[in-house]
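Q: Hey, I've got a protein open on my screen and I'd like to talk it through. Can you walk me round it?

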Amino acid sequence: MEFLFTILATLILIVVLGLVSVIVFEAYRRSLNNAHVDATAIFEDPKSLKQVPCPDIFDPAKKYLSLIIPAFNEEHRLPGALDETMNYLKKREAKDKSFSYEVLIVDDGSRDGTNRVAFDFVKKYGVDKVRAILLGKNHGKGEAIRKFFMLSCSCMTTIDQSTLPL
């Protein structure tokens, strides 16, 4: 009986150590994944489909306000929020000529039509006022903003029309 208990305890210990090893290995592997930093970004004007010079995070500020909106599966909520936001910003810009703004929509790996809605706003207001950045995988709001800043060190990304759902 004691022999069976020893074998069972040894098997449980081996399984637990194996799981811990897998978790540690996977965490280490993910910590080395910097594909989002090394990825070549594309920034194009949706009206002309020409590439626009990409701003760099170290360039002097050209806008008074940069509003970053992280979005995940916001296809139905985003249009109302953006309409209200853009109306306010346009009114404020009309009152104060020194006020300038840009709205940056960071699509954090949405599976619905959030990217299409964001792209529609880029078309409507132009790349000088609205930009859309696509992140391939959902990581949460904080990570979406952090990745936006990492992307903006090299270049900002707008939606490629070929990725839009029909």
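What follows is a chat about how this chain is put together.

Q: Before we start, what kind of model is this?
A: It's a predicted model.

Q: OK. How many helices and strands does the protein have?
A: There are 5 helices and 3 strands. Going along the sequence, the pattern reads α-α-β-α-β-α-β-α.

Q: And how much of the protein counts as buried?
A: The protein has 166 residues, and 32% of them count as buried.

Q: What about contacts, how far along the sequence do they reach?
A: Take the contacts between residues at least 6 apart in sequence: 78% of those join residues at least 24 apart.

Q: Let's go inside, then. How many residues are in the largest nonpolar core?
A: That core has 18 residues. Leu-82, Val-103, Ile-105 and Val-130 are the ones with the most contacts inside it.

Q: Which elements give two or more residues to this core?
A: Those are β1, α3, β2 (101-108), α4 and β3. The one that gives the most is α4, with 5 residues.

Q: Is there a general idea behind a core like that?
A: Yep: in soluble globular proteins, nonpolar side chains tend to be buried together.

Q: Back to Leu-82. What does Leu-82 touch?
A: Leaving out residues up to four places away in sequence, Leu-82 touches Ile-69, Val-103, Ile-105 and Phe-121.

Q: Now the helices. How do α3 and α4 pack?
A: Their axes are 10 Å apart, and the angle is about 25 degrees. Angles under 35 degrees count as roughly parallel, so α3 is roughly parallel to α4.

Q: Which way does α3 pass α4?
A: The crossing is right-handed. On the α3 side, the contact is made by Leu-78, Pro-79, Leu-82, Asp-83, Met-86 and Lys-90. On the α4 side, look for Thr-114, Val-117, Ala-118, Phe-121, Lys-124 and Tyr-125.

Q: Changing topic: how many salt bridges are there?
A: The count comes to 7 salt bridges.

Q: Can you show me one inside a helix?
A: Sure. Glu-26 forms a salt bridge with Arg-29, and their closest N and O atoms are 2.4 Å apart.

Q: Why can Glu-26 and Arg-29 be described as about one helical turn apart?
A: Because they are 3 residues apart in helix α1 (residues 2-31).

Q: Are Glu-26 and Arg-29 buried or exposed?
A: In between. Glu-26 counts as partly exposed at 24% relative accessibility, and Arg-29 is partly exposed with a relative accessible area of 44%.

Q: Got one that links distant parts of the chain?
A: Try Lys-63 with Asp-128, a salt bridge whose closest N and O atoms are 2.9 Å apart. The two are 65 residues apart: Lys-63 is in the loop between α2 (35-38) and β1 (65-71), while Asp-128 is in the loop between α4 and β3.

Q: Why is Lys-63 called buried?
A: Buried means under 20% relative accessible area, and Lys-63 has 19%, so it counts as buried. Its partner Asp-128 is partly exposed, at 44%.

Q: Any other long-range pair?
A: Yes, Arg-116 and Glu-75, with their closest N and O atoms 2.6 Å apart. Arg-116 is in helix α4 and Glu-75 is in the loop between β1 and α3 (78-95), 41 residues apart. Arg-116 counts as partly exposed, at 30% relative accessibility.

Q: Where is Lys-129 found?
A: In the loop between α4 (114-125) and β3 (130-135). Lys-129 is buried, with a relative accessible area of 15%.

Q: So what does Lys-129 touch?
A: Not counting residues up to four places away in sequence, Lys-129 touches Met-86, Glu-93, Tyr-101, Glu-102 and Val-103.

Q: And Leu-135, where's that?
A: Leu-135 is in strand β3, and it is buried, with a relative accessible area of 10%. Leu-135 and Val-106 are 29 residues apart in sequence, yet their C-alpha atoms are 7.2 Å apart in space.

Q: Last one: what is phi of Asn-73 near?
A: Phi there is near 50 degrees, a positive value in a residue other than glycine. Asn-73 has its place in the loop between β1 and α3, and is partly exposed, with a relative accessible area of 35%.

Terms used: Residues numbered from 1 in each chain as written. Predicted model: local features only at pLDDT ≥ 70, side-chain atom pairs only at ≥ 80, totals over all residues. Heavy atoms only, no water. Helix = DSSP H or I, 4+ residues; strand = E, 2+ residues; numbered from the N terminus. Buried < 20%, exposed > 50% of the residue type's maximum accessible area, 1.4 Å probe, protein only. Contact = heavy atoms within 4.5 Å. Salt bridge = Lys/Arg side-chain N within 4 Å of Asp/Glu carboxyl O. Core = buried A, V, L, I, M, F, W, Y, C linked by side-chain atoms within 4.5 Å. Axes fitted to C-alpha atoms, helices over the stretch in contact; angles between N-to-C directions. Parallel < 35°, antiparallel > 145°, perpendicular 65-115°, else oblique. Left-handed = near helix turned anticlockwise from the far one by under 90°.
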